[in-house]
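Here is a small set of exercises to work through with the structure open beside you. Try each task before reading its solution.

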Amino acid sequence: MLPSFDAFGFLVSWGTFLGIYAILAVSLNLEVGLTGMANFGKVAFYGIGAYLAASLSVYAVLAVYHVAAAPYTTEGIIALGKYGGASPALDLGIFAASLVLGFIIAGCVGYLLTYPTLRVGPAFLGITLLAFGELLRIFLLNYQPLGASKGLSGIPHPFLWIPDPVLRERLYVLVVLGFLAVTLWFAERITNSPFGRVLKAVRDDEVAALCMGKHVPRVKATVLFIGSGMAGVAGVLLAFYMSSVNPNMFVPAVTFNIWAMVILGGMGNNKGAVVGAAIITFVDRILTFITPNLGITIITPDYVRWMIVGILIVLVLMFMPGGLVPEKPIKTPAWEAVESLEKESKEGGSGGDEA
Amino acid sequence: MVNMDAYQVLTAVHIALIYAVLAVPLTLSYKTTKIINFVHINFITYGAYAAVLLYTFLGIDNVFVAIAAAFVIGGAMSVIDNVTVFEPLSRRGANVVILMIASMGLWIFYKYLMYSVLDVLSRVAKANLVSVLLRFETLPRVVVNGMPITSAFLTAAITAAVLALMLYFILEKTAVGKAIRAIADNPTLAEISGIPRGRVVNVMWFMAGGMAAVGGVLWAIFAIATPEVGDTLILQVFAIAVIGGLTSLSRTALGAFIIAFAENLGMAFLNQVFGVPTSFKPFITFSTLLIVIIAFPPLGAGGGLPYRFLRKRR
C-alpha cells in the first residue's frame with residue numbers, strides 16, 4: 001500500500017507542523033482558556049507573521065543583490081532561487097529579524113484591535129476578529145506588491161546554505177521545537193504567576209475582577225498582545241518552512257483547527273493544548289501520506305476530515321468539557337498549606353478512630 | 001463626476017432587502033437565547049441549495065415553492081441544533097463563549113456536510129452543482145417609468161414584506177410572540193411565570209432558521225449559489241446585526257439599509273472618484289462595523305461591561 005514509507009522523514013515533517021500548531025494552540029489557550037476571550041481571528045495574526053517574514057525576506061534578498069525584478073515575477077523568483085543560499089549570514093539574519101518583527105507587529109495589531117472590541121463584550125470580540133481575519137485575506141488577495149492571489153514564493157530557508165536538504169529539515173525541526181519549548185515555558189510562567197490568576201479571575205467573573213480593582217480591559221489587551229505575538233512567530237516559522245505563502249493558506253478554517261486542538265486538549269491547560277495539537281497534526285500528516293494512495297473517491301477525504309473536526313468540537317464540549325487533560329488548580333504556597341492542613345486533620349481523624 | 005443612476009439605487013435596495021431578511025433572524029435568536037449562532041451561515045447556504053436541488057432534480061422553477069421548502073429546511077435544522085446541542089449545553093450552565101464555540105463546530109460540520117453531499121449529488125446528476133446560476137421568472141418583469149424591475153427584485157420585496165408582517169403579527173399579537181419577548185427580557189422570570197421555555201424557544205428557532213434560509217433563496221436568485229454563499233455573507237450579516245445592537249429588530253433592518261447603501265453606492269463613489277478597486281468592498285463594511293462599535297457603544301453593547309465609565313475615572 002505504502003511502497004516506501006520514510007518513518008524518520010515522517011517524524012520530521014510531523015514535528016515541524018506539531019511545533020508550529022502547538023505554538024498557536026498554546027497562545028490561543030492563553031487567550032481563551034485562561035482569559036476567556038473568544039479569539040476567532042487567530043489566523044489573521046498567523047497570516048501577518050507569515051506574510052511579514054515572506055515579504056521581508058524576498059525584498060531583502062533582492063535588494064542586497066541589486067535585482068530590479070519584483071519578487072512575484074518569474075525573473076524575481078529565478079533570482080531568489082539563484083541568490084537564496086549564497087550567504088549564511090544574510091539568511092540567518094533575515095530569519096532572526098523576521099521572528100522579532102513578527103512578534104512585535106502581530107502583537108501590536110492585536111493590541112490595537114482590542115480598543116474598539118473590548119468595551120462590548122465577548123461575542124463582539126469574536127465577530128470582529130473573525131471579520132478582521134477575512135478582511136486581511138481579501139486584502140492580500142488583491143494587493144499586488146505582496147503577490148496578490150499567487151502569493152510570494154522563493155522565501156530563502158534559513159539553512160539554505162547547507163547543501164544536504166535532509167539535514168536542513170532536521171535542523172529546522174529542532175529550531176521549531178526549540179521555539180515551542182520557549183513558548184510553553186513562557187506560557188507556564190504566566191499561568192503560574194499572580195498575573196495568571198488575574199486572568200483566571202477575569203475569565204470566571206469579569207465584574208468581580210473589576211470590583212477587585214483589576215483593570216480588565218488592560219489585562220485583556222495585554223493577553224491579546226502576547227497571544228497575537230506568539231501566533232506571529234508561528235506564522236514566521238511556517239513561511240520559512242513552506243518557502244512560499246499565499247492568501248488561501250489563511251482561511252478561517254485554520255482558526256477552527258486551532259480551536260479544535262485547544263478544546264480537545266482541554267481549555268485552560270497549556271499541556272492540553274500541546275496534546276491536542278499533537279493529535280490533530282498527527283492525523284493530518286497521516287492523511288496527507290494516505291490520500292494520494294486512495295485514488296479517486298466519491299467524497300473528497302478533506303471534507304470528511306473537516307466534518308469530523310466540527311462534530312468533534314461539539315461532542316467534546318458536550319460530553320467531556322474538560323478535554324483530554326483537564327485544568328488543575330495551581331499549587332500556590334497558600335494552596336499547599338491548606339492541602340497539608342486538610343491532610344493533617346484527616347490523618348488526625350483516622351488516627352483517633354484507631355485509638 | 002459621480003454617476004449614481006437609478007439602477008444602482010435599485011440594486012442597493014434589493015441587496016438591503018435581502019440583508020434584512022438574513023440579519024433580522026440573527027438578532028431575534030441572539031436576543032432570545034444569547035447565542036451567537038454561526039450555524040446561521042449554514043441556514044443561508046442550505047436555503048440557497050434547497051432551491052438549487054429542487055430545480056436540478058425535480059425541475060421546479062416556482063420560486064415560492066423553493067422559499068417554502070427552504071423555510072422548512074432551515075427551521076428544522078435550527079430546531080434540531082437547539083434540541084441536540086444548545087439546550088443541553090445551556091442547561092449545564094455553559095457561558096456565551098462555550099455556546100459560540102459549539103455553534104462554530106456545527107458550522108464547520110454543516111458546511112463540509114454540504115460539500116460532501118454535493119460531491120455525491122453532482123455525480124448522480126452529472127451536473128455542476130458547485131456554482132449555479134438560478135434565474136426564476138415566477139413573477140413578471142415590470143417596467144416603471146422606463147425602469148425595468150426584475151423578477152428577483154419583486155420576489156425579494158414581496159417576501160421581505162410578508163416576513164416582516166408575519167414577524168410583527170407573531171411577536172406582537174400572539175401568545176407565543178409575547179412569550180418569546182418575555183424570555184428575551186428575563187428568561188428566569190418568564191419560566192417562573194409558567195411559560196414553557198423549551199417549547200417557545202423552539203418556535204423562535206424555527207422562525208429564525210426558516211427566515212435565514214429564505215434569505216438564502218433570495219440571494220441565490222439574485223446573485224449565484226455556491227457552497228460558500230453563506231460564508232461570503234457572514235461579514236455583512238454580523239455587521240448589520242451589531243448595528244442593531246443584537247437587540248432591536250427594527251434597528252437591524254435599518255442597519256441592512258445602511259450597510260447595503262454604504263457598500264454599493266459608497267463603493268461606486270470611491271471607485272469613480274479615487275479609483276479604489278471594487279474588490280475592496282468588504283473594507284467599507286468592516287469600517288462601518290468598527291465605527292458603529294466605537295462611536296455608539298450602547299448600540300453595540302450587547303452584554304459588555306461599561307468600560308467607558310472605567311476609562312473616564314482613570
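**Exercise 1. Two helices that meet**

Find which residues of α5(B) meet which residues of α6(B), and work out how the two helices are set against each other.

*Solution.* Keep in mind throughout that this is a predicted model.

Step 1. On the α5(B) side, pick out I170(B), L171(B), E172(B) and K173(B); their partners in α6(B) are V176(B), G177(B), I180(B) and R181(B).

Step 2. Sort the residues of this contact by class: four are nonpolar, one is polar and three are charged.

Step 3. Now look at the axes. Helix α5 of chain B covers residues 151-173 and helix α6 of chain B covers residues 175-185; their axes come within 5 Å and cross at roughly 80°.

Step 4. Angles of 65 to 115 degrees count as roughly perpendicular. The crossing therefore makes α5(B) roughly perpendicular to α6(B).

**Exercise 2. The overall build of chain A**

Describe the make-up of chain A and decide how compact it is for its length.

*Solution.*

Step 1. Count the elements: chain A has 13 helices and two strands.

Step 2. Compare its radius of gyration, 23 Å, with the 20 Å that the globule rule gives for 355 residues; the values are close, so chain A is as compact as a globular protein of that length.

Step 3. Add the dimensions. The C-alpha trace of chain A spans about 85 × 50 × 45 Å along its principal axes.

Step 4. Check burial and contacts. Of the 355 residues, 48% count as buried. Among the contacts in chain A with a separation of 6 or more, 80% are between residues 24 or more positions apart.

**Exercise 3. The same steps for chain B**

Work through the make-up and compactness of chain B.

*Solution.*

Step 1. Chain B comes to 13 helices and two strands.

Step 2. Its radius of gyration is 20 Å, close to the 20 Å from the globule rule for 314 residues, so chain B is as compact as a globular protein of that length.

Step 3. Along the principal axes, the C-alpha atoms of chain B fill a box of roughly 55 × 50 × 35 Å.

Step 4. Of its 314 residues, 46% count as buried. For contacts in chain B between residues at least 6 apart in sequence, 74% join residues at least 24 apart.

**Exercise 4. Where the chains touch**

Which helix of chain B gives the most to the side that touches chain A, and what classes of residue are found there?

*Solution.*

Step 1. Begin with the totals: 41 residues of chain A are in contact with 44 residues of chain B.

Step 2. List the helices of chain B that each supply at least two residues to this side: α3 (63-91), α4 (96-125), α9 (229-243), α11 (281-295), α12 (297-300) and α13 (307-313).

Step 3. The most comes from α4(B), with 18 residues.

Step 4. By class, the side of chain B that touches chain A holds 34 nonpolar, seven polar and three charged residues.

**Exercise 5. Helix α2 in each chain**

Compare the span of each α2 helix with its expected value, then see what phi does after the helix.

*Solution.*

Step 1. In chain A, α2 (residues 42-64) has 23 residues and reaches 33 Å from first C-alpha to last, close to the 33 Å expected. H66(A) follows α2(A) and has a positive phi, near 55°.

Step 2. In chain B, the 19 residues of α2(B) should span 27 Å, and the end C-alpha atoms are 26 Å apart, which agrees. Just after α2(B), G59(B) has a positive phi of about 70°.

Step 3. For burial, 15 of the 19 residues of α2(B) are buried, so α2(B) is largely enclosed by the rest of the structure.

**Exercise 6. Loop residues**

Where are S243(A), K34(B) and G36(A) placed, and is each buried or partly exposed?

*Solution.*

Step 1. Recall the background: most residues other than glycine have a negative phi.

Step 2. S243(A) has a positive phi near 60° without being a glycine. S243(A) sits in the loop between α9 (216-242) and β2 (244-245) of chain A.

Step 3. K34(B), also not a glycine, has a positive phi of about 60°. The loop between α1 (6-33) and α2 (40-58) of chain B holds K34(B).

Step 4. G36(A) lies in the loop between α1 (7-34) and α2 of chain A.

Step 5. A residue is buried if 20 or more other C-beta atoms lie within 10 Å of its own. With 23 of them, G36(A) is buried. S243(A) has 17 and counts as partly exposed, and K34(B), with 18, is partly exposed.

Definitions and conventions:
Residues are numbered from 1 along each chain as its sequence is written. Chains are lettered from A and ligands numbered from 1 in the order in which they are written. This is a predicted model: local features need pLDDT of at least 70, side-chain atom pairs count only at pLDDT 80 or more; totals for chains, interfaces and linings use all residues. Helices (H or I, at least four residues) and strands (E, at least two) are DSSP runs, numbered from the N terminus. The radius of gyration is taken over C-alpha atoms; the globule rule is 2.2 Å times the number of residues to the power 0.38. A residue is buried if 20 or more other C-beta atoms lie within 10 Å of its own, exposed if 12 or fewer, and partly exposed in between; C-beta atoms are placed from the backbone. Two residues are in contact if their C-beta atoms, placed from the backbone, lie within 7 Å. Ala, Val, Leu, Ile, Met, Phe, Trp, Tyr, Cys and Pro count as nonpolar, Asp, Glu, Lys and Arg as charged, and the others, Gly among them, as polar. The expected span of a helix is 1.5 Å times one less than its number of residues. Axes are lines fitted to C-alpha atoms, for helices over the stretch in contact, and angles run from 0 to 180 degrees between N-to-C directions. Angles under 35 degrees count as roughly parallel, over 145 as roughly antiparallel, 65 to 115 as roughly perpendicular and the rest as oblique.
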